[in-house]
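Good morning, colleagues, and thank you for coming. I should like to take you through one model, beginning with its strands and ending with its side chains.

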Amino acid sequence: MIDIAFAIECEGLSREHRRALAAALETALPWLASLPGAAIHRLNLASGDGRQALLSRHTRLTLRVPRERAADV
């Protein structure tokens, strides 16, 4: 397995983003959900009580996939 990280180009994200993000990634990478051990790492969001969370410039979208599928990501 290998982790592949992508920079995120936005300042904020809904705190309820997980399902929509997973659905979008599974649309783009339909094989992702069926691969044993593949994962979408949780995004680190800034604390607070608003519906919108601020993202650090250091926040990355990280996917764990088998090394053989890395080029597909």
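**Strand pairing and the core**

Strand S3, residues 39-40, pairs with S5 in the antiparallel sense over 2 bridges. Please bear in mind throughout that the model is predicted.

Let us look at those bridges residue by residue. Ala-39 has Arg-64 as its bridge partner in S5, and Ile-40 stands opposite Leu-63 in that strand.

S5, which covers residues 60-65, is also joined to strand S1, residues 2-7, by 6 bridges, and these two strands run antiparallel. Within this pairing, Phe-6 has Leu-61 of S5 as its bridge partner.

In what order do the strands form the sheet? The order is S1-S5-S3, an open sheet of 3 strands with antiparallel pairing. S1 and S3 are the edge strands, each pairing on one side only. As general background, strands of a sheet pair through backbone hydrogen bonds, either parallel or antiparallel.

I turn now to the nonpolar side chains. In soluble globular proteins, such side chains tend to be buried together. Which residues make up the largest nonpolar core here? It has 9 residues: Ile-4, Leu-25, Leu-29, Trp-31, Leu-32, Leu-43, Leu-61, Leu-63 and Val-65. S5 gives the most to this core, with 3 residues. Two members of the core have already appeared in this talk as bridge partners: Leu-61, paired with Phe-6, and Leu-63, opposite Ile-40.

Val-65, also a core member, deserves a closer look. Leaving aside residues up to four places away in sequence, Val-65 touches Met-1, Ile-2, Ile-4, Trp-31, Leu-32, Ala-70 and Val-73. Among these contacts, Ile-4, Trp-31 and Leu-32 belong to the core.

Next, the aromatic rings. How many aromatic pairs does the count give? The count comes to 0. Trp-31 does, however, have a charged neighbour: Arg-69 lies over the face of its ring, at 4.0 Å from the ring centre.

Finally, consider Ala-28, which lies in helix H1, residues 18-28. Is this residue buried or exposed? Ala-28 counts as exposed because its relative accessibility is 58%, and the cut-off for exposed is over 50%. Ala-28 and Val-73 are 45 residues apart in sequence, and their C-alpha atoms are 9.1 Å apart in space. Val-73, as we saw, is one of the residues that Val-65 touches.

Thank you for your attention.

Terms used: Residues are numbered from 1 along each chain as its sequence is written. This is a predicted model: local features need pLDDT of at least 70, side-chain atom pairs count only at pLDDT 80 or more; totals for chains, interfaces and linings use all residues. Side-chain values use heavy atoms; hydrogens and water are left out. Rings of Phe, Tyr and Trp (its six-membered ring) pair if their centres lie within 6.5 Å; planes under 30 degrees apart count as stacked, over 60 as edge-to-face and the rest as tilted. A charge sits over a ring if NZ of Lys or CZ of Arg is within 6 Å of the ring centre and within 35 degrees of the ring normal. Helices (H or I, at least four residues) and strands (E, at least two) are DSSP runs, numbered from the N terminus. Buried means under 20% relative accessible area, exposed over 50%, partly exposed in between (1.4 Å probe, protein chains only). Two strands pair if DSSP finds at least two bridges between them. A nonpolar core is a set of buried Ala, Val, Leu, Ile, Met, Phe, Trp, Tyr and Cys residues joined through side-chain atoms within 4.5 Å. Contact means heavy atoms within 4.5 Å.
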